[in-house]
Amino acid sequence: MLRESPSNLTVIVVGLGIAGLCAAIECHRQGHTVIGLEKKPDAHQPGDIIGLGTNGLNVLKRWSTEAEDDSSLVARLAAMGSQLEYVEVFGSDGDRKYKIPFGADDPAQGLFLRRSDFVSVLFELAATELGLDLRFGVRVDGYWEEEGAAGVVLDNGTKLTGHCVIAADGLYSKARPVITREEGSLDFAALVHTGGAIFRSNFHSGVLAGDPDAQWLLDGTEDCDRHQMYFGRDATILMGTIGRGKYVWWNCPHRDVANETANWVEAASINPVLEMIKDWPIAKQLAAVISKTPRAKCFNHALVTREPLKRWVSGEGRMILIGDAAHPFLPHTGQGANQSIEDAATVALCLRLAQVQEEDDGVKLGLRVVEKLRQKRVSVIQQGSIEAQEVTLAADMVDNTSGERFNAIARPAWIHCYDCVMHTSEQFGLAAAAVEQGVEYIPTNVPADGKFHAQDDYNSCMFAD
């Protein structure tokens, strides 16, 4: 991995999920010294699958010097993800409506892989290959900043000092109320309940062995994985395989009639899913797979978010929120991981560019430029994920009354064909001038009307070499 010359900045990253690990790696690439803190004892993360779009992969592909070599990071991720040629879209009657080309001969078009696999690769790169200072089983009790420094206080009283703090500690971020000065922002009641919930599961495909009714999902997956979507009113079943049939995954976004909690690691019964789809003509085929889900491998939780933040940066300008701590997404736009990756790359680069421009360490300017470049983009996509949930749950593909807004798998060019590193390099000067002069900055990484557009125009993109 190529690295810029040392910046003499020490960056403390709190939370080592996708956003935090990517921030640690990107800060290292930009020459900063990194201290990473995580309250969990290890880097393992549960979950089903995540999608990496071109916008996220544009960052990751810079981490390898071998553009096409099998040992590059993106190639390693592609090898453990779904080997897809297309995504199939069905009604609840089992009638196939669309067969959408996806990923054929173009791994940059998008990757689906297990969240745990992605986090493991990030951790291996950060801790083993780069040797970054990552500390697990460490709890942060407080945050502080002063002129020229910022840091955290651990639960054992230890005070850590750096030039800035990147808070990537998720939906219940302890840094969020400190930085935004929101009252009660750690409370469950402060979350925005969207009216939806989701069942998630993934497990080894060997569980289906010997069950002829469930084998249909694995047929042909030694050559190409499956990714199928079944739309019924108030519930959707997504189901497929990963690693050429090595793993099975399924999830079920649905109306939250039971008022589920936001705890996404609490095991749940599959029975409500089977009850929701029992009247679907295709129910028997889907239930054959779902019913094989191993015990404690199914999770159900409310889909919650928070109101878009107007400020990501603390009053003294040395602490910033990124990832779910700043903008929790619903899964319906497939952008949670990708926007976290964009955040990470942007903050690391802005810290370096600001240090070059400023007489001091540049942290205050750099973090406020990040806010200018990122806040509008993620707010629009965040709102779009809420809109997409409702459009999806209202879909009726059997009677073909889903409406023009329905898009089974939307890949808007303005989201996916975006290179945050290139854009930050080009726009830093304008955004910095807006910060220093106290004038408005007009973002150029969202639609001109400032609204979410979900059209699938990905293939109209022109990609740079």
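The exercises below work through the fold, the sheet, the cores and a few single residues of this chain.

The model is predicted, with residues numbered from 1 along each chain as its sequence is written, and local features need pLDDT of at least 70, side-chain atom pairs count only at pLDDT 80 or more, while totals for chains, interfaces and linings use all residues. Side-chain values use heavy atoms, with hydrogens and water left out.

**Exercise 1. Describe the chain as a whole.**

Begin with the secondary structure, which comes to 11 helices and 17 strands; helices (H or I, at least four residues) and strands (E, at least two) are DSSP runs, numbered from the N terminus. Next, take the radius of gyration, which is computed over C-alpha atoms and set against a globule rule of 2.2 Å times the number of residues to the power 0.38. The chain has a value of 22 Å, close to the 23 Å that the rule gives for 465 residues, so it is as compact as a globular protein of that length. Finally, turn to burial, where buried means under 20% relative accessible area, exposed over 50% and partly exposed in between (1.4 Å probe, protein chains only); of the 465 residues, 56% count as buried.

**Exercise 2. Trace the seven-stranded sheet and find what lies across it.**

First write down the strand order, which is 5-4-13-14-15-12-16 in an open sheet with mixed pairing, where two strands pair if DSSP finds at least two bridges between them. The edges are strand 5 (96-101) and strand 16 (298-305), each of which pairs on one side only, and the twist averages 15° from one strand to the next. Then examine one pair: strand 12 (residues 192-204) and strand 16 run in the antiparallel sense over eight bridges, and Ile198 stands opposite His301 in strand 16. Last, place helix 7 (residues 283-290), which lies across strands 12, 13, 14 and 15 and runs at about 55° to strand 14; axes are lines fitted to C-alpha atoms, for helices over the stretch in contact, and angles run from 0 to 180 degrees between N-to-C directions.

**Exercise 3. Locate the nonpolar cores.**

A nonpolar core is a set of buried Ala, Val, Leu, Ile, Met, Phe, Trp, Tyr and Cys residues joined through side-chain atoms within 4.5 Å. The largest has 93 residues, and those with the most contacts inside it are Leu37, Leu52, Leu60 and Phe118. Helix 8 (residues 336-357) gives the most to this core, with 10 residues. Another core, of 26 residues, lies apart from it and includes Leu208, Met239, Trp280 and Val289. To see the surroundings of one member of the largest core, list the contacts (heavy atoms within 4.5 Å) of Leu60: leaving out residues up to four places away in sequence, Leu60 touches Leu52, Leu73, Val74, Leu77, Phe118 and Ile341.

**Exercise 4. Is Ser205 buried or exposed, and which residues does Ser205 touch?**

Start with position: Ser205 is in the loop between strand 12 and strand 13. At 10% relative accessibility, Ser205 counts as buried. Its contacts, not counting residues up to four places away in sequence, are Leu218, Gly245, Lys246, Tyr247 and Val248.

**Exercise 5. Check the cysteines for disulfides.**

Apply the criterion that a disulfide is a pair of cysteine sulfur atoms within 2.5 Å; a search of the whole structure finds zero. Cys298 illustrates the result, since the nearest cysteine sulfur, that of Cys252, is 9.1 Å away. Cys298 nevertheless counts as buried, at 2% relative accessibility.
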